[in-house]
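Let's work through a few exercises together, with the model open beside the text. Try each task yourself before reading its solution.

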Amino acid sequence: MKLNIYIIFCVLLWSACSEYELQDTIMVYDSEHKFLPEYSEWGYNSFGAYYDREIFVSNKSITPAKLIFTNDSLTFMLNGIKGKPDTELYYDYYNSFPTMSIAFQLSGYSPESFQDLTILHNTTIDLVDTNNAVYITIDTIRYKAQILSGSFSCKRAQLLYVDTKLNEVILSGEFDFKALVRGIPMTISYGRYDVGVNEGNFYLYDVP
C-alpha cells in the first residue's frame, strides 16, 4: 500500500514534465559527504561514491545508468567521471576529467523488460559471492575487480507513471566494496544511486 501511494505521488509531481526532462541529471548535494549527491528515491538520475580519496560521480552529458540482461546475467552499470574533490565542474557538460564506469554483474535475476526490474526491490547482493562480478573501466581500460568485501543494495524499485502511462522504473540504493584492481587495494565507499530506467537504457540480447 505504501508503495502504491508513493507511485501516485510521483505521478502528480512529474505530470507537468516531459519525458525528456525526466532524463535530466539533478544534483542535490549531501551535507555530510561533500561532492556526493544525497541519497534520494525521486529518480534524479544521479549517483556518487568515493574512489579512495577521489570522486566517482554522475555527469550531465553521460547516461548515468544502463541495465543489461545478457546470457542469463544482469549487469547494473553506472557511468560517470572520476577526479579530485576540489571543484564543482563535475556536473558541467564539458570537462577534462576521465570517464569511469562500474559494472555490477549480478546473478539470479532475469528481467525480460525494464518493468521486470522491480524484482530488485529491497535486495542486497553480496559482491564477494563468486557468482557475481564487478568491472571498473577508467577511460577505455577495463579491469575486473577482485572483491575483498562489500555489497550492492537496491532499497527501492518503483514504477513511475506519467499521465497514466508507464514511463520508467526508478531504482535507488547504495553500494560499497573493497577490492584489488591489478593487485592494488582500493575502496569504493558511501556509494548511492537514484536512476530511472526505461526502453532507452535497458538492453536485452545474447552474446555468442
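The exercises below go from the overall fold to single residues, ring pairs and empty spaces.

This is a predicted model, in which local features need pLDDT of at least 70 and side-chain atom pairs count only at pLDDT 80 or more, while totals for chains, interfaces and linings use all residues. Residues are numbered from 1 along each chain as its sequence is written, and side-chain values use heavy atoms, with hydrogens and water left out.

**Exercise 1. Describe the secondary structure and the burial of the chain.**

Step 1. Start with the elements: the chain has one helix and eleven strands (DSSP runs numbered from the N terminus, with H or I over at least four residues for helices and E over at least two for strands). Read from the N terminus, their order is α-β-β-β-β-β-β-β-β-β-β-β.

Step 2. Turn to burial: 50% of the 208 residues count as buried (buried is under 20% relative accessible area, exposed over 50%, and partly exposed in between, with a 1.4 Å probe and protein chains only).

Step 3. Finish with contacts (heavy atoms within 4.5 Å). Of those between residues at least 6 apart in sequence, 63% join residues at least 24 apart.

**Exercise 2. Place Gly 48 and Arg 182, and decide for each whether the residue is buried or exposed.**

Step 1. Gly 48 belongs to strand β1, and with 0% relative accessibility Gly 48 counts as buried.

Step 2. Beyond its neighbours within four places in sequence, Gly 48 has contacts that include Leu 36, Phe 56, Phe 175 and Tyr 190. The C-alpha atoms of Gly 48 and Tyr 190 are separated by 7.9 Å, although these positions lie 142 residues apart along the chain count.

Step 3. Arg 182 sits in the loop between β9 (165-181) and β10. Its relative accessible area is 68%, so Arg 182 is exposed. From its C-alpha atom to that of Gln 146, 36 residues apart along the chain, the separation is 8.6 Å.

**Exercise 3. Classify the ring pair of Tyr 50 and Tyr 190, then look for other ring contacts.**

Step 1. Recall what is needed: a pair of aromatic rings is described by the distance of the centres and the angle of the planes. Rings of Phe, Tyr and Trp (its six-membered ring) pair if their centres lie within 6.5 Å; planes under 30 degrees apart are stacked, over 60 edge-to-face, and the rest tilted.

Step 2. The whole structure holds ten aromatic pairs. In one of them, the ring centres of Tyr 50 and Tyr 190 are 6.0 Å apart and the planes stand at 85 degrees, so this pair is edge-to-face.

Step 3. Tyr 50 is in strand β1 (residues 46-51) and Tyr 190 in strand β10 (residues 184-197), so the pair ties together parts 140 residues apart in sequence.

Step 4. Compare the accessibilities: Tyr 50, at 16%, counts as buried, whereas Tyr 190, at 46%, counts as partly exposed.

Step 5. Elsewhere, ring pairs join Phe 76, Phe 104, Phe 152, Phe 175, Phe 177 and Tyr 193 into a cluster.

Step 6. Now check for charges over rings (NZ of Lys or CZ of Arg within 6 Å of the ring centre and within 35 degrees of the ring normal). Lys 82 lies over the face of Tyr 51, 5.5 Å from the ring centre, and Lys 155 over that of Tyr 39, at 4.8 Å.

**Exercise 4. Find which residues line the largest cavity.**

Step 1. The structure holds one cavity of 30 Å³ or more (on a 1 Å grid over the protein atoms alone, a set of points where a 1.4 Å probe fits but cannot get out; lining residues have an atom within 4 Å of a point). The largest cavity has a volume of about 30 Å³, where volume is the space filled by probe spheres set on the points, joined across faces, edges and corners.

Step 2. Its lining consists of Pro 37, Glu 38, Tyr 39, Ser 40, Ser 46, Phe 47, Arg 192, Tyr 193 and Asp 194. The elements giving two or more residues to this lining are β1 and β10, and β10 gives the most, with three residues.

Technical notes
On a 1 Å grid over the protein atoms alone, a cavity is a set of points where a 1.4 Å probe fits but cannot get out, and a pocket is an open set with protein on both sides within 12 Å along at least five of seven lines; lining residues have an atom within 4 Å of a point.
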